[in-house]
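Colleague: I have not looked at this structure before. Could you take me through it?

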Amino acid sequence: MAWRITFDATTPVELLHDVHAELLDLYLEDLHSDRDHLFGDDDTTPAYEAYARLFAHGWGHSVKTDGTQTFLSWDGLGGVRHQYAATGFDGPAWMAWGGHLSEPLWQARFSAGTPTVLVAAFTASFISTEPVLRTVQDIPAQSRRHLYIAAPSPKPAPGTPPVIPPPPGPKRTR
């Protein structure tokens with residue numbers, strides 16, 4: 001089954017990176033096995049894997065009778081829409097946006113048949129709270145009032161013993 005993912009030119013690079021990293025992992029897994037995660041009917045990842053993290057981060061949720069469900073960030077500046085019922089619908093199965101839906105700053109679309117694990121990689125990246133480095137020029141003017149600046153971690157003084165890292169947690173798959 002053919003599928004397509006499209007990103008606007010202004011989609012944050014971190015989101016693109018994480019989807020492409022997962023895509024490469026799937027490709028390499030297919031290459032070295034007899035499975036076909038990319039183009040077969042082997043997508044055993046349930047749809048909730050793509051949106052469960054949204055719930056965990058306090059995103060709102062609404063369901064319509066037309067077979068769509070929408071998840072909105074707590075501040076209303078991001079969303080994900082999932083077309084879960086394929087009855088006569090010709091649009092993307094998943095759509096995400098940054099900014100207000102009426103005037104999004106960027107959009108991403110995943111057609112029907114896109115492996116759910118790729119959508120899950122996207123949504124995990126979308127809700128990440130890891131700080132990103134941006135210059136003021138990289139941030140749309142209408143978004144600047146919603147940002148905060150994280151202070152950089154101070155460099156340890158010479159001769160200071162290194163901080164012992166926490167014990168390893170669950171291994172990331174990508």
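The exchange below covers the overall layout, two helices, a group of rings and a surface patch.

Colleague: In what pattern do the helices and strands follow one another along the sequence?

Modeller: This is a predicted model. The chain has 3 helices and 6 strands. Read along the sequence, they give the pattern β-α-α-β-β-β-β-β-α.

Colleague: What percentage of the residues of the chain count as buried?

Modeller: A residue counts as buried when its relative accessible area is under 20%. The chain has 174 residues, and the buried share of them is 31%.

Colleague: How many of the residues of H3 are buried?

Modeller: H3 spans residues 116-126. Its cover includes strand E1, helices H1 and H2, and strands E4, E5 and E6. The helix is largely enclosed by the rest of the structure, because the buried residues number 10 of the 11.

Colleague: Which residues of helix H2 are buried, and why do they line one face of the helix?

Modeller: The buried residues of H2 are Ala 50, Tyr 51 and Leu 54. They line one face because, seen down the helix axis, they fall within an arc of 65 degrees. In general, an α-helix has 3.6 residues a turn, so residues three or four places apart point the same way. As for the residues asked about, they are Ala 50, Tyr 51 and Leu 54, within an arc of 65 degrees.

Colleague: What do the buried residues of H2 pack against?

Modeller: Three strands and a helix are involved. The partners of these buried residues are E3 (68-72), E4 (78-83), E5 (94-100) and H3.

Colleague: Of the aromatic pairs, what kind is the one between Phe 110 and Phe 122?

Modeller: The whole structure holds 11 aromatic pairs. In this one the ring centres are 5.3 Å apart and the planes meet at 65 degrees; planes over 60 degrees apart count as edge-to-face, so the pair is edge-to-face.

Colleague: And what kind is the pair of Phe 122 and Phe 126?

Modeller: Phe 122 is buried at 1% relative accessibility. Both residues lie in helix H3, 4 residues apart, about one turn of the helix. Their ring centres are 5.8 Å apart with planes at 45 degrees, so the pair is tilted.

Colleague: Which residues form a nonpolar patch on the surface?

Modeller: One member, Leu 24, lies in helix H1 and is partly exposed at 46% relative accessibility. Together the members have about 380 Å² of accessible area; they are Leu 24, Tyr 27, Leu 28 and Leu 31.

Methods. Residues numbered from 1 in each chain as written. Predicted model: local features only at pLDDT ≥ 70, side-chain atom pairs only at ≥ 80, totals over all residues. Heavy atoms only, no water. Buried < 20%, exposed > 50% of the residue type's maximum accessible area, 1.4 Å probe, protein only. Helix = DSSP H or I, 4+ residues; strand = E, 2+ residues; numbered from the N terminus. Arc of directions from axis to C-beta. Contact = heavy atoms within 4.5 Å. Patch = residues over 30% accessible without salt bridge, like charges linked within 9 Å, V, L, I, M, F, W, Y side chains within 5 Å. Areas by Shrake-Rupley, 256 points an atom, 1.4 Å probe, with all protein chains shown as cover. Salt bridge = Lys/Arg side-chain N within 4 Å of Asp/Glu carboxyl O. Phe/Tyr/Trp six-rings, centres within 6.5 Å; stacked < 30°, edge-to-face > 60°.
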